[in-house]
Amino acid sequence: MLSTLERIDPHSDRIDVLVELVDQLRPRRPRDADYAIERVRLLCQLLKGNPTQASALHSYMTRLLESRRHSSLYTDIGILSNDGFFTELKTRFAYRFLPPALGDTYLADAIDQVLYVETDYLWVNAVPAVYWLELFDIVHDAPPVAGAQPADVRQTTVRGMLEAIRTLSCRVCALGLEPRLLRSHAEIEDFDSPFLMQNIEVNDYLDGYSRLLDGAEGDLDDAKHLLVMLDQCDTVVAKIRRNAMSQGTSVALTYLLVALSQSIDRLRKLLFLVDVSGELPATPTLDLETIASDAALASVAPPSPHRAAAISLARELVEAHNNKYVMRDLVADNIDLLARNVTENASRTGEHYIADTRGQLGAMFLSSAGAGFIVGIMALIKILFGYLRAAPLVEAFLFSLNYSLGFVLIHVLHFTIATKQPAMTASRIAAELSVKDGRHLDIDSMAELVNKVFRTQTIAVLGNLATVIPAAWAIAFSWQWITGKHLVSPHKALVLLHDIDPLNSLALFYAAIAGVCLFVAGLISGYYDNKALYTRMAQRVSQLRWLARLLGPERLPRFAAYVENNLGGLMGNFFFGILLGTMGTLGYLLGLPLDIRHVTFSAANFSTAMVALDYNVTWRLVALSVAGFLAIGTVNLVVSFGLALWVALRAREIHFDQGIQLLKSLGRRFVAAPIQFFIGPKDRAPGEPGIQARGTK
């Protein structure tokens, strides 16, 4: 390190010496804070003991800062560009493999050259702020070397921040007038837009600041009114996000809101740093408390708010710089809100899958029984399609068509497939946790909701099985009676029974794959429900003149409302059928163990196989097969419910760690009323809000 300091040329602005100096501060392990602290303190001691080298470093850093432009560092690092989500994602993906060319014009490029390791922010942030401030003071207070060009680094930095403030303000104004945002909050057009007004306030403030820097007399205008305008901008952004829960959202709108929030937050931080009145409040996102606690641990006086804010912003910029090509952060920032809206729509749909009373449970049983009958017919059609011996892709198309149309028909008839419930009800539970904020959660109320979900899904599964087994048996028996031969051969029947064997086949693994498909179908349902709301699907459909001529003016509004209210369910069922129909073919083409096992189809295959074998089977085989399709149903439910609940909780940023208390509460409910635990109360308690079961009115 000493040799590097001796080689510093105070009249040079080359970056290589600074790169080498930072290399000697960087620990081998990114999280080795002790090593980084030791090296920073060693550098401070060397500079204190060698004033000449401190002066050389002062002049070298001054020249380096003077020769580069500062504003892009504050306007680009840590703030999304205006390119849009998918363009930004593509850019980050490309730059991960081939980074952009770096020049000597911008300060942001200098940071890219110096802190080139993606984990540098870990050790930089681990070093307490007091040590960085000590190093800064040593270099700043050192006199410049003889013959060095005098420069005011502080004024250069302030001018760069002022330029960044103007740029960010114009960006906020432009984003705030985007048509997507105006459509989501039309009230902006009825009053003076805060996004436009803040730009006017910023320009007035910066003009006065420029006169102050140029030495003109007079006081600088107060920036408090500007902060009020920024608060109003935040209020509009928050209102649009709330409206998105009922009106839907899109990736583009979500990206726009994230970029707006980031730009407004950076504006506040820069305004606080350039403030000369000392009256502006520090933005809450500045980590001033941590810096003050670091100073207390080091037994030194805490830094002033402006110095602490400067260190906090520097740390933020370093971390954002190291992560600027990380796709995970971009996806996390933008998808969370979209995922919450998707799961919110799934939550509202999930309310129809939860029954309160025995009457509603009975309605759920009848609804699921109807679905079981249709699944029996779908199982027959799949067997017949298999006899065509079509090419793999053609067979996958036929299977998908059978599944998709069958599931859509089940939805249209208001029947219920039991395994479609978990993806919806999990979001409903997560919504309840979100309402309770996770910190003041009423465990008993949550246990009651989980109990309702459990018994509703149990009844739905029983309803499916109660009709699919006799329906498949009746079809197979009728086929034999009409044609004189079995629907499937004895060999095929044994294959069907082996496919649901939980011990000697991959049935449970394939059931887990089906559970993933169910989960994906739930997300698709939520996505299209969100899309229908955001794009005003009912209004768009009602504007079709050819459809008005076909249906008539009275039926068209009802049809348009049906499409908007059921688009998610229709598309979720349609794509679920495609997933089930193509999974086996995909596994065959790739040579991978990919297939699906669904409880209702497995039960139908069991009945078909029993008829084909003329019931000449051992009781062990029957017991194993029954246990097989019941285990398949359990795996279907657990996997789809677990994934859906995980995504719903993550989208709402909820960390639920009260599972033991919830299980205990469920146990108490079972002990207190075991019959009611499974079949529910006869009537709803007076005043208790009910959640209507699907298929009931």
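Partly exposed means a relative accessible area between the buried range, under 20%, and the exposed range, over 50%. Keep that in mind for the exercises below, and remember that this is a predicted model.

**Exercise 1. Find the salt bridge between Asp16 and Arg14, and work out whether each partner is buried, partly exposed or exposed.**

Step 1: Look at the contact. The side chains of Arg14 and Asp16 come together in a salt bridge, with 3.4 Å from N to O. The cut-off is 4 Å, so the pair qualifies.

Step 2: Take Asp16. Its relative accessibility is 38%, so Asp16 is partly exposed.

Step 3: Take Arg14. Here the value is 55%, so Arg14 counts as exposed.

**Exercise 2. Lys48 and Glu134 share a salt bridge; which helices do they sit in, and how many residues apart are they in sequence?**

Step 1: Start with the distance. The salt bridge between Lys48 and Glu134 spans 2.8 Å, N to O.

Step 2: Place the partners. Lys48 belongs to helix α3 (residues 33-49) and Glu134 to helix α9 (residues 129-141), so the bridge ties together parts 86 residues apart in sequence.

Step 3: Check the surroundings. Lys48 is exposed at 52%, while Glu134 is partly exposed at 27%.

Step 4: Try another pair. Asp207 and Arg166 also meet in a salt bridge, this one at 3.8 Å, N to O. Asp207 is in helix α12 (residues 194-213) and Arg166 in helix α10 (residues 153-176), so this pair links distant parts of the chain, 41 residues apart. With 35% relative accessibility, Asp207 is partly exposed, and so is Arg166 with 30%.

Step 5: Zoom out. The structure has 18 salt bridges, and Asp265, Arg266, Lys269 and Glu316 are joined in a network of them.

**Exercise 3. Is the aromatic pair of Tyr403 and Phe407 stacked or edge-to-face?**

Step 1: Recall how to describe such a pair. You need the distance between the ring centres and the angle between the planes.

Step 2: Read off both values. For Tyr403 and Phe407 they are 6.2 Å and 10°. Planes under 30 degrees apart count as stacked, so the pair is stacked.

Step 3: See how the two residues are placed. They are 4 residues apart in helix α19 (residues 392-412), which means about one helical turn separates them.

Step 4: Compare with Phe509 and Tyr510. Their ring centres are 5.9 Å apart and their planes meet at 50°, so that pair is tilted.

Step 5: Add accessibility. Tyr403 is buried at 2%, and Phe407 is buried at 1%. Phe509 is partly exposed at 42%, whereas Tyr510 is buried at 13%.

Step 6: Widen the view. There are 12 aromatic pairs in the structure, and Tyr403, Phe407, Phe576 and Phe601 make up one aromatic cluster.

**Exercise 4. Which charged residues lie over the rings of Tyr116 and Phe399?**

Step 1: Go to Tyr116. The charged end of Arg26 sits over its ring, 4.7 Å from the centre.

Step 2: Go to Phe399. Lys382 lies over the face of this ring, 5.5 Å from its centre.

**Exercise 5. Which helix gives the most to the nonpolar surface patch?**

Step 1: List the members. Leu393, Leu586, Tyr588, Leu589, Leu590 and Leu592 make a patch of about 660 Å².

Step 2: Assign the helix. Helix α26 (residues 555-590) gives the most, with 4 residues.

Step 3: Pick one residue to check. Tyr588 is in helix α26, and at 61% relative accessibility it counts as exposed.

How values were computed: Residues are numbered from 1 along each chain as its sequence is written. This is a predicted model: local features need pLDDT of at least 70, side-chain atom pairs count only at pLDDT 80 or more; totals for chains, interfaces and linings use all residues. Side-chain values use heavy atoms; hydrogens and water are left out. Rings of Phe, Tyr and Trp (its six-membered ring) pair if their centres lie within 6.5 Å; planes under 30 degrees apart count as stacked, over 60 as edge-to-face and the rest as tilted. Helices (H or I, at least four residues) and strands (E, at least two) are DSSP runs, numbered from the N terminus. Buried means under 20% relative accessible area, exposed over 50%, partly exposed in between (1.4 Å probe, protein chains only). A charge sits over a ring if NZ of Lys or CZ of Arg is within 6 Å of the ring centre and within 35 degrees of the ring normal. Patches are made of residues with over 30% relative accessible area and no salt bridge: like charges are joined within 9 Å, nonpolar side chains (Val, Leu, Ile, Met, Phe, Trp, Tyr) within 5 Å. Accessible areas come from the Shrake-Rupley method with a 1.4 Å probe; for residues, only the protein chains shown count as cover.
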